[in-house]
Amino acid sequence: MAADEQRLRVAVLGAGLIGIDLADKIRRSAKLELALVAGRDPNSLGLRRVAEMGHPTTAGGIRTVVEAGPFDVVFDATNADSHAEHWAALRPTGTTLIDLTPTGLGTVIVPGVSNHRAATHRHMNLVSCGGQAASRS
């Protein structure tokens, strides 16, 4: 990355297996800065693991993500029931939200197939867990 290029400041909503795996991948990225991982359970193993990696965590959920922002990108690795609330909270902030839940909300982007469309949308859905796994290259 050139010295004049800035890393994107990102947050992960969800401290379960998908969120923690994503946090680990983000922390190794040259283009993304893992600025926050948010969960809801202060005693969660996931939040402890991310804190051990040296990254900020919160058990304040979406409320704390909005307060700590703005973020360039927020990855929602929570659940389908909570995603609409997360988009409603983040939409006014200008943050791009990538939905990793099976809600079907947002513009569907299939990694490796239609990712060229991603730059024009602020609310994206990465199809489903099965679709994400199947489309990895």
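Two strands pair if DSSP finds at least two bridges between them. With that in mind, this predicted model can be read strand by strand, beginning with β1 and β2.

**Strands and crossovers**

The chain contains five helices and seven strands, and from the N terminus on its elements run β-α-β-α-β-α-β-α-β-β-β-α. Strand β1, residues 8-13, is joined by six bridges to β2, and the two run parallel; within this pair, Val12 stands opposite Val37 in β2. Between these two strands the chain passes through helix α1, residues 17-27, and the resulting β-α-β crossover is right-handed. Strand β2, which spans residues 32-38, is mostly covered, since six of its seven residues are buried.

On the pairing of β2 with β3, residues 57-58, the model shows two bridges in the parallel sense, and here Ala38 stands opposite Thr58 in β3. Helix α2, residues 45-52, belongs with β2 and β3 to a β-α-β unit that is also described as right-handed.

**Buried parts of the chain**

Of the 137 residues of the chain, 41% count as buried. As a general tendency, nonpolar side chains in soluble globular proteins are buried together. The largest nonpolar core here has 20 residues, of which Ile26, Val37, Phe75, Ile98 and Leu100 touch the most other members. At least two residues of this core come from each of β1, α1, β2, α2 and β4 (73-76), and the largest share, four residues, is supplied by α1. A second, separate core consists of 12 residues, including Ala11, Leu13, Val74 and Leu90.

**A buried acidic residue and its surroundings**

Asp76 lies in strand β4. How far away is the nearest side chain of opposite charge to Asp76? That side chain belongs to Arg40 and is 8.5 Å away, and Asp76, although buried, has no salt bridge. Because a salt bridge requires a side-chain nitrogen of Lys or Arg within 4 Å of a carboxyl oxygen of Asp or Glu, the distance of 8.5 Å to Arg40 does not qualify. Leaving aside residues up to four places away in sequence, Asp76 touches several others, among them His83, His86, Leu97 and Thr101.

Thr101 is placed in the loop between β5 (96-99) and β6 (107-108), and it is buried, with a relative accessible area of 2%. The C-alpha atoms of Thr101 and His83 are separated by 7.4 Å, although the two residues are 18 residues apart along the chain.

**Salt bridges**

Side chains of opposite charge can pair when their charged atoms come close. A search of the whole structure finds four salt bridges, and the table sets out some of them.

| Pair | Closest N to O distance |
|---|---|
| Lys25 and Asp21 | 2.8 Å |
| Asp24 and Arg27 | 2.7 Å |
| Glu67 and Arg63 | 3.4 Å |

Lys25 and Asp21 are four residues apart in helix α1, so about one helical turn separates them; Lys25 is partly exposed at 40% relative accessible area, and Asp21 is partly exposed at 37%. Asp24 and Arg27 are three residues apart in helix α1 and are likewise separated by about one helical turn, while Asp24, Arg27 and Arg28 are linked in a network of salt bridges. In helix α3, Glu67 and Arg63 are four residues apart, again about one helical turn, and Glu67 is exposed, with a relative accessible area of 55%.

**An unusual peptide bond**

Most peptide bonds are trans. The bond from Gly69 to Pro70, however, is cis, with omega near 10°, and Pro70 lies in the loop between α3 (61-68) and β4.

Conventions:
Residues numbered from 1 in each chain as written. Predicted model: local features only at pLDDT ≥ 70, side-chain atom pairs only at ≥ 80, totals over all residues. Heavy atoms only, no water. Buried < 20%, exposed > 50% of the residue type's maximum accessible area, 1.4 Å probe, protein only. Right-handed = clockwise from strand over helix to strand, strands pointing away. Core = buried A, V, L, I, M, F, W, Y, C linked by side-chain atoms within 4.5 Å. Lys, Arg positive; Asp, Glu negative; His and termini not counted. Contact = heavy atoms within 4.5 Å.
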